[in-house]
Every structure is written in C-alpha cells, then in structure tokens.
Amino acid sequence: MRWLPKHYYQVLALMFAVEEINKNPNLLPNITLGFHIYNAYPNDERALESSLMWLSGQGQTIPNYSCEKEGKSAGVIGGATSEMTFSMGSLLELYKFPQISYGVFDPLVSDPLQFPSVYQMAPTDIYLIRGMVRLMLHFKWNWVGLVASDDSRSEKFLRDLQEEMTRNDVCVAFTEKIITGQSRDINFYQKFLANILLSTAKVIVIYGNTNSLLSWMFGNIPHIIVTRIWITSSHWDIAKRPSYIYFNNFHGALIFSDQTSKIPGFKHFLKTIHPAKYPEDIFLKNFWNTAFRCTYEHGGENVEVCSPNASLDTLRLSYLDITMSDQSYTVHTAVYAVAWALHKMFLVTSEKESNIFGDKGVFHPWKLHSFLKNIHFNNSAGKQVVLDTKRKSVANYDILNYLTFRNDTEVLVKVGEFIPQATDGEEFTIQEKAIVWTTRQRTPPQSRCSSCGPGFQKKSQEGKAFCCFDCVPCTDRHISNQTDTNQCMKCPEDQYPNKEKNQCLPKIVTFLAYEEPLGMALASIAVCLSFLTALVLWVFVRHKTTPIVRANNRDLSYILLISLIFCFLCSLLFIGCPTAINCLFRQATFAVMFTVAVSSVLAKTIIVVLAFRATRPGSRSRKWMGSRAPIFVVIFCTLFQVLLCVIWLLLSPPFPEADMHSDHEHTILGCNEGSLIAFYFVLGYMGVLALGSFTVAFLARNLPDTFNEAKFITFSMLVFCSVWVSFLPTYQSTKGKMMVAVEIFCILSSSTGLLGCIFIPKCYVILLQPHRNTKKSLKENSGS
C-alpha cells in the first residue's frame, strides 16, 4: 500500500483546529465540535462512494436512506482537487449540504448556479501565471515546455499562460497533456518521455490535477535522468514523497506555494499526537506504522513494535512539515470558517428557538448557507478570512526550491516571493545564490531556442517561432551590449566599437605631434636643413667677392638661400596641435616662401640667358645686366602670390577641424583648408613658375660659361616638379596626420633639391677647390 503521509497532515491540521475551537470559551460555548474522517481515492467512483457512506451511515451505501438516528453534521470539508469537488458537490447538492473545498481555487466551482453549496477556501490564483512568467523573464528563459492534465481548469491555465508568455516574448517549445487512464500505457509513456528528452527546452511548467501520475511514470524507470527545471504550484503533488519512490528527476524544481501565516501551537500539537490519544482514528495508526516503519499494536516475527515514546517531531522532514503546508493551512482555516458560521447561526437561532436542533434532535445543515456566504473573521494566525467570492483575497506566493538527498530526505527551501499587489520592483524577489539546480548543474540553465550574445543582432527565421532566430554581427560603427538585441545601436561620433562590438570606446585624439617619432624626425630634419642652408649662406657671404658667388647675381643667391631657410622652417607650422592661427597662416606662409624661392630661381635662369645675349655685339640685353630687373621679377611674382593668399584668407580661410570619420579608432585633429579651389590655385601658380624656370633653364643648359647655373637649375627644377607632381595624388589618397606628413616631406624634399642642386656644387668649389674660384683661373679658361 502506497501511503502518502502528506495527505494525512491535512487531517492533523483539522484535528488541531477542532481541539483549539473546543478549548476556546468564546467560540461555540457549551458545544463540542466533532468530526468524521472518510478516505477519498483520486477517482470519481471512490469519491462518490465515500460521500454515500457518509450520507447513509455505517453499513451498506443506500441512496436516500440514512442509518444514523441523529444527523448532526454541519458540512463537509473536502475536495483537494476540482474533480473531487465536482463529484462530491453533485451529490451533496441534493441534500443542500455545505461543502468547504480546500483545493486550488477554480473559477468553475465558484459558479453559484452550478455549485451553490460549494465554498472555496483558497485565495484566487489569477496572478500565478504572471508570477511564473516573471520567473522566466528573470532567468531569461524564452523557450519553455508546458505539461498539464487534461481537464477544464488546466485548459484555461494553459491558454492564459500562453497568452502571457507571448506578451513577454517567451515561446512554447512543446505542450503535453496527461490524460486520465493513460498512466499505464507504455506507448504514451515512451512518447511523452521522448518529447521531453528530445526538446531543447531546459525548463518545463507542469500544472493540473496530476496527483501521483508523473512521479509514478518517472519512478518506473529510475535509471533515466531527466535534467530539467520544473516550475509548478504546490497543489501539484510533487513534494513530500515516501523515500521508496524515486523522485530525483524533480530535484531543483521551483514551486509557487500560497503564502501562509504561522499557526501558533501547531508544532507543540505534533509533539503530543499519539495513537493512544485517539484510539478510534484508524488512519492515525496506519500513518504511525508507515512513518516509523513499525507496528503499533502487535508485531510479527520480523516486524518491530513501535516505541511508546515515539513522537512525530523526531521524523525526517520527508515525512513531516512542522511549519504546516498551504493545504493544511487551508484545512485549518476551513474548520474555523464552519465554526464561526455555526457560532453566528446559534446566536441568531437561540433567540428564537429553545432547541437549536429542533424537536427531533436533527440538525438542518442547509440553514448554514446564509451564514457561510457572509462570514468574515480572523483566524488564529491573525489573518482575515472571507468566503465571499467577490471579496476574496488574492494569493501571495512563496517560491520554494525542492531538494532531494541521498539519505532519502526531501526539503522545501524558500528562495523567493511573488506579491502581486506590491509596488513595482518589489512584487518579485528571488535569491539566486540560494537555489540548488539539477544534480548536474550548479548555475541557472539556459533555456532558449536561440541566443545572440553581445555584438550580434537578431534576424528572424521564416516559418519559425519568434524566439528562434539567426544571429547577425553588428555593422560598422554599431554595437550591442545585451543578449538577443533586436537592433544594434550606433556609437556616438566621438566613440568607436571594440573588436567584439559590445562596447563603445572613446576615440583617441591624434595629430602629428612633436612627441611622436614621425613628428620628431620631420622637425629635426627641418631644423638641420635650415641650419645647413644658413651655413651655405654664411659661406656665400664670406666669399662674396669671388667669381663663383658673383656669377648669376649674388643678391638673387642670397634671396634664394634666405627663402629656403624659411621654407624648411615653415614645415614646423604643420607639426603640433592645430590652432586657429596655425591653420590660418601655415599654407599661406608655405606658398609665399616657396614662391620667393621659385621666382628667385626663375630670375637666375633669366640672368643666364641675358648674360649670354649681352656678349653679342650691339645687343640690347647689355643694359639689363647691371639693373635691378631680376629683383623686380621676384617681387612681382611674390606679390601676385600674396594677393592670391589674401583673397583666400578673406573669403574662405582655413580653420581647425576634428575628423571623426577617416580613422576607425581615432579623432584626427587637422586643418580644413577652407577652399580647396584656392589651395590648388596657389599650388598651381607655384607649379607654373617652376615649369617656367625649368623650361628656360633647360634651353640655356648648354650655353658656354664657366659658372653657368642652367644645368643645375634644370636638374633642381626637375626634382622640384617631380616632387610636387607626385604630391597631388599622394595627398588625396592619405588621411589624417599622414596627409600632413606627406606635405611636410614634399616641402623638405623639394627645398633640399633646390639647395643641393644649385648651391652644393658651388660650395664644393669654394671650400675644396679655391684655385678654380679666381680671376686668373677664369682668364686661363679658354672657354670663358
């Protein structure tokens, strides 16, 4: 016989309530409250049989006949399930007997037209579904299986649960219904178990009047471990199983249990309960024998006789719940409801009738209905109780964690609460660290059809549930820092995504600084070259009277060398953090200095041509040799460039700019040239001057002269033009500080070309071959 001790706890709660009421002088004074206990098996036939036995009295169950001489029963407290309530209610309604149901609240039972004599003690559980979904959302479970019994209440529960799950983006992985009569169908069992094992859902909600069905099914094959997290309510009989039933598959289950208040004195009552105290209670004897694994009255050869000092408080928790379960609490409250209704009725009828039981000593239970409908009182725990459906309280829930251990101990541990009517943020609390999951897991399971981590966004799959999707990496400049993001978000302008694209990092501000190797190298080269140019100028000034210095106009050489010094130094304006003044003048300074240098070279080429023509008899070019005409060429060319720069700076001046788009990880500080047309116009003007110098020098390269500079000028202009022609495409293809570095390189290389090609050969003669730099040497040279 599979005795279920948990059900007898409800009987103990009833016995405790009756004893409390009989000891209370203010409740039912001078009246002793009694009770009968009838065993009701979980099927309609046995429930009806128990009801007929009670109505007929001891002996054969005969409808419409009662073998008892006096009927003093006030009502029936029964109906742990809706099905039992339906079966009992249909029969008891014929006799108008009040039935107090202590099972889970069922809206169908509350119908006053169909069940006018049934009263439900349990609070309404309309928020149970919301609590379960909140639990799913807390652990981010969006792929959940559903198992329920095949009855009207479970159908409604499934329908409402699916709607709530859909509203919160939680999908149903599968739905299984347990049909009565299929518990021993091996085909049904195998299909049922296969659907659970093959499903990717790691979390399953189980609900309904399943009684011991699932525990029997899983217990038949103990070697199959179903590592799933089960979510259920305390009315499904999952906990407090006898040790010989294998129930490890439900280790770690989360149970929503109606919150109850502690009943004072109940623990002491359990210590004092004993079969000797209630000799007429045959159920207590059976319970005692099963709990202590002995026999109370007499033992056989291999059966131990129970100790007379045995007490229930010495049992393991798998047999005894000393804090009173929610159903036992409801039974206790139901007894008080009947007692208070009787108390109110006796107060009213005692004023009118001398004998409240009538002349024949028969109690009419139908008279109790009007008092039960309007009853409200505070139970022994101080909590208000109302049987009226319209005023019935809403259930609050404790979230319990069901644990099993190898020593056959089973424990329910409170790990959270769900208070539906609490303020937002306080209605749901859970202690994750206190939860023990399945035997194979130490962390919360991931029950998801698909999951996109940070750095990805969801892409729906056609024909599948919205919880099943593909994961697509975030596009450029976008991130997602949460799981299952519908759309990646764009980083701000001053930030960029990291490699994982799950975080925006601040961009590093960069520019061509003096501190970095490239800036330091370019600045050092510019200073060194300007110093070298200054040395060349010093050499020329020191030897200004020599023929090689006086040749090709000494003043132009000085102007060219000074302009080259400034050309080298103007490159320093391009290094460092861009400022408004820096950006305004650096391109203009560079353009003017190079225009002076190139126009000086152009003037030198003109001097070469004039010098050759002046040697011809009667040439008019002789008068220009001693004039200041070449200087005016330099001034005129430079003034025109200055005019262009002034127009540029007035109409569209350059300005500092932060470039956030060219580089992925950096904000580049640079100068916006304002008007690119003006910038390229200025460069184009210098190119025209350089091209003119190159053309004239090329034509005059073979003129007979001892110190003819035309060859050197030709080569220097070739270098100059080559540098700046290659500059344009390179400048356009680079971004950021490398663009600045390219321009500095062109400035330095082109200036070095002018310095090296024109002046280094002369310095070679001045310093290393001074004998060639004399008038005597010139006279001896036949070609002079």
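This short talk covers a helix, a small sheet and a surface patch in one structure.

Good morning. A word of caution to begin with: this model is predicted.

Let's start with helix α10. It runs over residues 326-349, which makes 24 residues. From first C-alpha to last, α10 reaches 34 Å. That is close to the 34 Å expected at 1.5 Å a residue. Is α10 mostly covered or mostly open? Mostly covered: 20 of its 24 residues are buried.

Next, the sheet. Three strands form it, and it is open. The order is β20-β22-β21, with mixed pairing. Which strands sit at the edges? They are β20, residues 508-510, and β21, residues 655-659. Each of these pairs on one side only. Neighbouring strands here are turned by 25° against each other on average, ignoring direction.

A quick reminder on sheets in general. Strands pair through backbone hydrogen bonds, either parallel or antiparallel.

Now look at one pairing. β21 meets strand β22, residues 666-672, in the antiparallel sense. Five bridges join the two. To find your place, look for Asp-659. It stands opposite Ile-668 in β22.

Last stop, the surface. There is a nonpolar patch of about 610 Å². Which residues make it? Phe-640, Leu-643, Val-646, Ile-647, Leu-650 and Leu-651. Take Leu-651. It lies in helix α17, residues 629-651. Why does Leu-651 count as exposed? Because its relative accessibility is 71%, and the cut-off for exposed is over 50%.

So much for the tour. To recap, we saw a mostly covered helix α10, a three-stranded open sheet and a nonpolar surface patch that includes Leu-651. Thank you.

Technical notes. Residues numbered from 1 in each chain as written. Predicted model: local features only at pLDDT ≥ 70, side-chain atom pairs only at ≥ 80, totals over all residues. Heavy atoms only, no water. Helix = DSSP H or I, 4+ residues; strand = E, 2+ residues; numbered from the N terminus. Expected span 1.5 Å × (residues − 1). Buried < 20%, exposed > 50% of the residue type's maximum accessible area, 1.4 Å probe, protein only. Pairing = 2+ DSSP bridges. Axes fitted to C-alpha atoms, helices over the stretch in contact; angles between N-to-C directions. Patch = residues over 30% accessible without salt bridge, like charges linked within 9 Å, V, L, I, M, F, W, Y side chains within 5 Å. Areas by Shrake-Rupley, 256 points an atom, 1.4 Å probe, with all protein chains shown as cover. Salt bridge = Lys/Arg side-chain N within 4 Å of Asp/Glu carboxyl O.
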